[in-house]
Each structure stands twice: as structure tokens, then as C-alpha cells.
Amino acid sequence: MVGYKKLPTKDWREENLRHEWHRAKAALAEAGFPDSGVARQHFNHVDKQLSDYLWQRTLDDIEEDRRRHPKAKRNQKAPAQGHGVVSTRYLP
């Protein structure tokens, strides 16, 4: 895989998913980036797994932060934005 260097991380599951994502992307490139086929299905599956894992980890981090710091300004209800949409978290 050209341009990819496996970097060590504390999260072994993310490391494995990222490695598999790069392998699937390289296989897809070898196949000529088709719109369908086994290589495309495998890449889409690995991509979904990685993005779902990262999203869930982010949600878990936010919940942990809310549990530890319930009075922090970033964890208070934000004022209404736009058409009555209320965000539940201040973001920088």
C-alpha cells in the first residue's frame, strides 16, 4: 500500500479497522475503482464499520464528559438556533 504507514495507537480495534480500510482501498484501486463488484462491496462494508466505530466512540466520549462535568458550559443546553432547533451541546 503506497503512502500508508501503520501507526501504533492505544485503541487496537481502531488500528485494525484503519489497517483493513487501507487494504480494502488498495484492493479497490487495483480493481480500477468499479461502481459495483466484490472489491466495492468489501470497501463499503469496511468503511461503514470504521465510521460506525468512530461515531460510537465519539458519542461515548461525550457521554463520559457529560457525566464527569455536568455543570460545564459545553454540556448545557444551547440557545435555540434557526427554526426552533436546539442543540444539546456547545461546540468550539
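Me: What makes R57 and D11 a salt bridge?
Reply: The cut-off is 4 Å between a side-chain nitrogen of Lys or Arg and a carboxyl oxygen of Asp or Glu. In this predicted model, the R57 and D11 side chains come to 2.8 Å, N to O, so the pair falls within the limit and counts.

Me: How do you know that this pair links distant parts of the chain?
Reply: R57 sits in helix 2, D11 belongs to the segment before helix 1, and their places lie 46 residues apart in sequence.

Me: Why is D11 called buried?
Reply: Buried means under 20% relative accessible area. D11 has 16%, so buried is the label.

Me: And R57, what class does that residue get?
Reply: Partly exposed: R57 has 29% relative accessibility, and that class runs from the 20% limit for buried up to the 50% limit for exposed.

Me: Which residues does D11 touch, leaving out those up to four places away in sequence?
Reply: Y53 and R57.

Me: What makes R57 and E14 a salt bridge as well?
Reply: The closest N and O atoms of R57 and E14 are 2.5 Å apart, and the limit is 4 Å. This pair also links distant parts of the chain, with R57 in helix 2, E14 in helix 1 and 43 residues separating them.

Me: Why does E14 count as buried?
Reply: E14 has a relative accessible area of 11%, and the class needs a value under 20%.

Me: Which residues are linked in the network of salt bridges?
Reply: D11, E14, R18 and R57. For the model, the count comes to nine salt bridges.

Me: Why do R23 and E20 sit about one helical turn apart?
Reply: They are three residues apart in helix 1, so about one turn separates them. Their side chains meet in a salt bridge at 3.1 Å, N to O, again within 4 Å. R23 is partly exposed at 45%, and E20 is partly exposed at 22%.

Me: R40 has an opposite charge around, so why is there no salt bridge?
Reply: The nearest side chain of opposite charge is D35, at 5.0 Å, and a salt bridge has to come within 4 Å. R40 is therefore left buried without one.

Me: What is R40 in contact with, leaving aside neighbours within four places in sequence?
Reply: L28, F33, P34 and D35. R40 itself is in helix 2.

Me: What is notable about the phi of F33?
Reply: Phi is near 50 degrees, a positive value in a residue other than glycine. F33 is in the loop between helix 1 and helix 2 and is partly exposed at 47%. Just after helix 1, G32 also takes a positive phi, about 85 degrees.

Me: Why is the W21 and F43 pair called tilted?
Reply: Ring centres have to lie within 6.5 Å to pair, with planes under 30 degrees apart stacked, over 60 edge-to-face and the rest tilted. W21 and F43 are 5.5 Å centre to centre with 50 degrees between the planes, hence tilted. The count comes to one aromatic pair.

Me: What does the pair tie together?
Reply: W21 lies in helix 1 and F43 in helix 2, so the pair ties together parts that are 22 residues apart in sequence. W21 is buried at 18%, and F43 is buried at 12%; both values pass the under 20% test.

Me: Which residues of helix 1 are buried, and what covers them?
Reply: E14, E15, L17, W21, A24 and L28 are the buried ones. The cover includes helix 2.

Me: How do you know that the span of helix 1 agrees with what is expected?
Reply: At 1.5 Å a residue, its 19 residues should span 27 Å, and the end C-alpha atoms are 27 Å apart, so the two agree.

Me: Where is confidence lowest, and where is it highest?
Reply: Strand 2 (residues 85-86) is lowest, at a mean pLDDT of 51, while helix 2 (residues 38-68) is highest, at 94. The chain as a whole has a mean of 84, with 82% of its residues at 70 or more. Where pLDDT is low, the predicted coordinates should not be read in detail.

Notes:
Residues numbered from 1 in each chain as written. Predicted model: local features only at pLDDT ≥ 70, side-chain atom pairs only at ≥ 80, totals over all residues. Heavy atoms only, no water. pLDDT = per-residue confidence, 0-100. Helix = DSSP H or I, 4+ residues; strand = E, 2+ residues; numbered from the N terminus. Phe/Tyr/Trp six-rings, centres within 6.5 Å; stacked < 30°, edge-to-face > 60°. Buried < 20%, exposed > 50% of the residue type's maximum accessible area, 1.4 Å probe, protein only. Lys, Arg positive; Asp, Glu negative; His and termini not counted. Contact = heavy atoms within 4.5 Å. Expected span 1.5 Å × (residues − 1).
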